[in-house]
Amino acid sequence: MQSALTQRLRIPNFYWLAAIGAIISAAGTLAAFYMEHHGHQVTGMNNQVFWGLPHVFAIFLIVGASGVLNVASIGTVFGKKVYKPRGPLSGLLAITMLAAGLFVIMLDLGRADRLIVAMTHVNWTSVFGWNMVLYPVFFGLVGLYVWLLLDRKMYAYSKAAGTAAFIWRLVMTTGTGSIFGFVVARQAYNSAIIAPMFIIMSFAWGLAMFLIFQAAMYKWEGSQLDEEIRQRLNKLLGTFVAAVAYFVVVYHLTNLYYAKQTAFETFILVSGGIYPQLFWGGFVVVGTILPLLFVFVPALRSMASSSVLASIFTILGGLAFLYVFIIGGQAYPLEMFPGMEVKSSFFDGVVDPYVPSLPEFLLSIGGFGLFFLLSLIVVQILPFMPQDDMAQLRASGALQD
Amino acid sequence: MAIMKQTLAALAAVLLLAPVLASAGTPKPDLKIENPGSCIAPVPEMRRNHMEMLKHTRDRTLRQGIRGEKASLNGCINCHASKTTGSVLGQGGFCQECHTYAAVKLDCWDCHQPKAGNHEAVGVKP
Amino acid sequence: MSEPQDRIENKSRRSFVGAAAVAGASAGVAALAPGLKLIEVAGAAPRAPGEPASSAVRWGMLIDTTKCASGCDACVKACATENGINETVKDPRQGSQWIRKIDLKDPKTGQEYSLPMLCQHCEHPPCVDVCPTGASMKRADGIVLVDRHICIGCRYCMMACPYKARSLVHMPLTEQNPLVPRGQGCVEACTFCVQRVDRGQQPACVEACPEKAMLFGNLNDPNSEIAQRVAKEKTTQVRADLKLNLGVRYQGI
Ligand code: SF4
Ligand code: SF4
């Protein structure tokens, strides 16, 4: 019943591209060894801001990994024809993104040599502990799903696997969001809205990563993505970006009005130096307004590069948001004695001047390098290039629904 | 589990690699026993099981708070530290010598003090 | 740890009558040290070899901030000596602080306070709840410890602790106290000087305080000085809104 969904791709300059990916990943790995050898004193992290730049990138990749799968889910679970040929690629990118995110977070551990310990000792009351199980199962399910999609004999089973993967990834992102949501101690994080906010962010960030990689593949193939399909995907991205903005507004309003975190919100949104700058300039302008313009303003939308630009801005905005959320949330001092002026030899009551160091930066970027390298190699070897049967799509009216 | 696997791997490494290495000319570990005859168990048993003994003790001591166990890392150090360097590490050090030979990574000393005696806890009392 | 055990601990605080040897009556051991008065070791006797820590005991500390002098850091120094916290750190923000002095000022009244802040040895410790490997743990007698054998250095416990009580060791260490293992890449915090408490001594900070502002003892033993004072006098738990039932109580704030 199924015409070929995908084709194999011959990437020109494959070895050059792979070398670039490999160098970036290797630099990240070496930076991690350097950190491991000297301890975290060679990073900008300290005992107040102990989750730094690597966590920003790792969490972006892990959250985005679940969102990338959205494309496949829309095709398989919700039966939208335009998305079906993109299912395998979406599954593949989900796996490589998650692998890259875990690579960064694992190598940043104080005892990165104890990976086995992390996997064999699980504390079930810990959200982090659950994630040790959520991630490997995600790999398994998505891997199975991609295989079923690609194997024509097994295609019939792909819907079941796709549904399972879809549910699992919602759970997984809830788990990632809950890493923060369950932290009662901190002004920034103790909020029920964080888990759903992360789910919607995963949609936007994942789709943005997908669109960029897909655009690269069309370029490598020397072909063109059908304009109608491109606009549909763009519109979806725009919707997600708008939804993210809505959740972020609600998150800050809840903090302000219900949780009465006025001082903290003032810090993040107005007075906190780099954090409000990144929030307004990075997340709001670059990460929200620009992508929306490129997706919805007709003159910009019709530019061939509009998808890629909107996606890049979305990604930059996501990283800016996470920087403010993770690092700003720690830099702001813990409130132990409400209403009191506090000082101590351990910088209580003081905003932390965290600045990432070079090794941290290399490790963080290494995550993106690894994602690119792994995805590149797989699409070179296996058939992941989406094939759209435009005639059939038009005839069945799939482009309208 | 992990420790079991590591232990098995270590044993396998010793069993398989030792003869190879020995025949390849790696000198056998040359151990100086500073206080012969006073170990908590016979030598073959210590060779085979010291890691298991220490592992069980460590969990009981730390997690249950049981003190005064027969096997104790500080006990090992106090008896086996070299009289010249004061340590179980370094060239000819009791722990390092064998572990280097068997190529089994030593994790203890990232946290534990490998020297005997001179680092006694003083608190605020003289 | 588990719920049922917590309940027993809570109940036994009221009804427990010196059953176990560990609870022992005031040992009344006196020690003379230069510059120090007689030090009474209250409510503690060394635990017999082979005997595990018992949930009949809940170690706690009462800190009288009215006696604590701003600018004095005898407790901090004693802690560093006892626990071998002696490494040189380039950036003080990366150094370990098991106990630190905090100065408070009420902007409305101008009233100032000074107090030592340390791990509060919560009965319901968030650090233990969140630790992915189970390295953060609470001993039966309420002392919260990090099992460095399985700590992976993820710092999630630091995220969860409301008191900034935990530190990551940011560099290789070589000069540890043999009784206090600690090392690079693992998280650590105040242990109530578990190595001293287990042999019947007081935590180093308590012993060092020249004002005797800190009192250590068994909260579960109704005859102990700390339990009696906590029952009679007004004490505060920091961030009591979190309902963590802290082992460390403050007076005067
Ligand atoms: S004070 Fe912090 S480190 Fe200590 S038990 Fe409570 S949560 Fe854990
Ligand atoms: S840093 Fe160590 S003790 Fe803290 S949560 Fe992670 S594994 Fe547990």
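A:Pro353 sits in a loop of chain A, between strand 2 (341–344) and helix 14 (358–381). This is a predicted model, and the values below are computed from it. With a relative accessibility of 52%, A:Pro353 counts as exposed, because the cut-off for that class is over 50%. Along the chain, A:Pro353 and A:Ala331 are 22 residues apart, and 7.2 Å separates their C-alpha atoms.

A second residue of chain A can be placed in the same way. A:Ala216 belongs to helix 8. Is A:Ala216 buried, partly exposed or exposed? Its relative accessible area is 22%, so A:Ala216 is partly exposed; the buried class ends at 20% and the exposed class starts over 50%. A:Ala216 and A:Phe182 are 34 residues apart in sequence, and the distance between their C-alpha atoms is 39 Å.

**Nonpolar cores**

Helix 8 of chain A also has a part in the interior. The largest nonpolar core contains 151 residues. Within this core, A:Phe180, A:Phe325 and C:Tyr156 have the most contacts, and these names come from chain A and chain C. Helix 8, which covers residues 194–221 of chain A, contributes 18 residues, the largest share of this core.

Which residues does A:Phe325 touch, leaving aside those up to four places away in sequence? They are A:Phe180, A:Ala188, A:Tyr189, A:Ile194, A:Met197, A:Phe198 and A:Tyr251. One of them, A:Phe180, is itself among the residues with the most contacts in the core. A separate, second core has 44 residues, including C:Met61, C:Met117, C:Cys122 and C:Val197.

**Contacts between chains**

Chain A meets both chain C and chain B, and the table sets out the two contacts.

| Contact | Residues taking part | Area buried | Share on carbon and sulfur atoms |
|---|---|---|---|
| Chain C and chain A | 53 residues from chain C, 57 residues from chain A | about 4,800 Å² | 57% |
| Chain A and chain B | five residues from chain A, five residues from chain B | about 400 Å² | 48% |

On the chain C side of its contact with chain A, C:Arg93, C:Met159 and C:Lys164 supply 19% of the buried area, more than any other three residues. In the contact with chain B, the residues of chain A that lose the most area are A:Arg111, A:Ile116 and A:Thr120. Together these three account for 63% of what the chain A side buries.

**Chain B**

Chain B has four helices and zero strands, and its elements run α-α-α-α from the N terminus on. Of its 126 residues, 29% are buried. Among contacts in chain B with a separation of 6 or more, 60% are between residues 24 or more positions apart. The chain exposes about 7,700 Å², and 63% of that area is supplied by carbon and sulfur atoms.

**Surroundings of the ligands**

The residues around ligand 1 include C:Cys119, C:Cys122, C:Cys127 and C:Cys161, along with C:His121 and C:Arg166. C:Cys122 is also named in the second core. By class, the shell of ligand 1 has nine nonpolar, two polar and one charged residues.

How many residues surround ligand 2? There are 13, and the closest are C:Cys131, C:Cys151, C:Cys154, C:Arg155 and C:Cys157. The shell of ligand 2 divides into nine nonpolar, three polar and one charged residues.

Note on methods. Residues numbered from 1 in each chain as written. Chains lettered and ligands numbered in written order. Predicted model: local features only at pLDDT ≥ 70, side-chain atom pairs only at ≥ 80, totals over all residues. Heavy atoms only, no water. Core = buried A, V, L, I, M, F, W, Y, C linked by side-chain atoms within 4.5 Å. Buried < 20%, exposed > 50% of the residue type's maximum accessible area, 1.4 Å probe, protein only. Helix = DSSP H or I, 4+ residues; strand = E, 2+ residues; numbered from the N terminus. Contact = heavy atoms within 4.5 Å. Near = heavy atom within 4 Å. Nonpolar A, V, L, I, M, F, W, Y, C, P; charged D, E, K, R; others polar. Areas by Shrake-Rupley, 256 points an atom, 1.4 Å probe, with all protein chains shown as cover. Buried area = accessible area lost by both parts, 1.4 Å probe.
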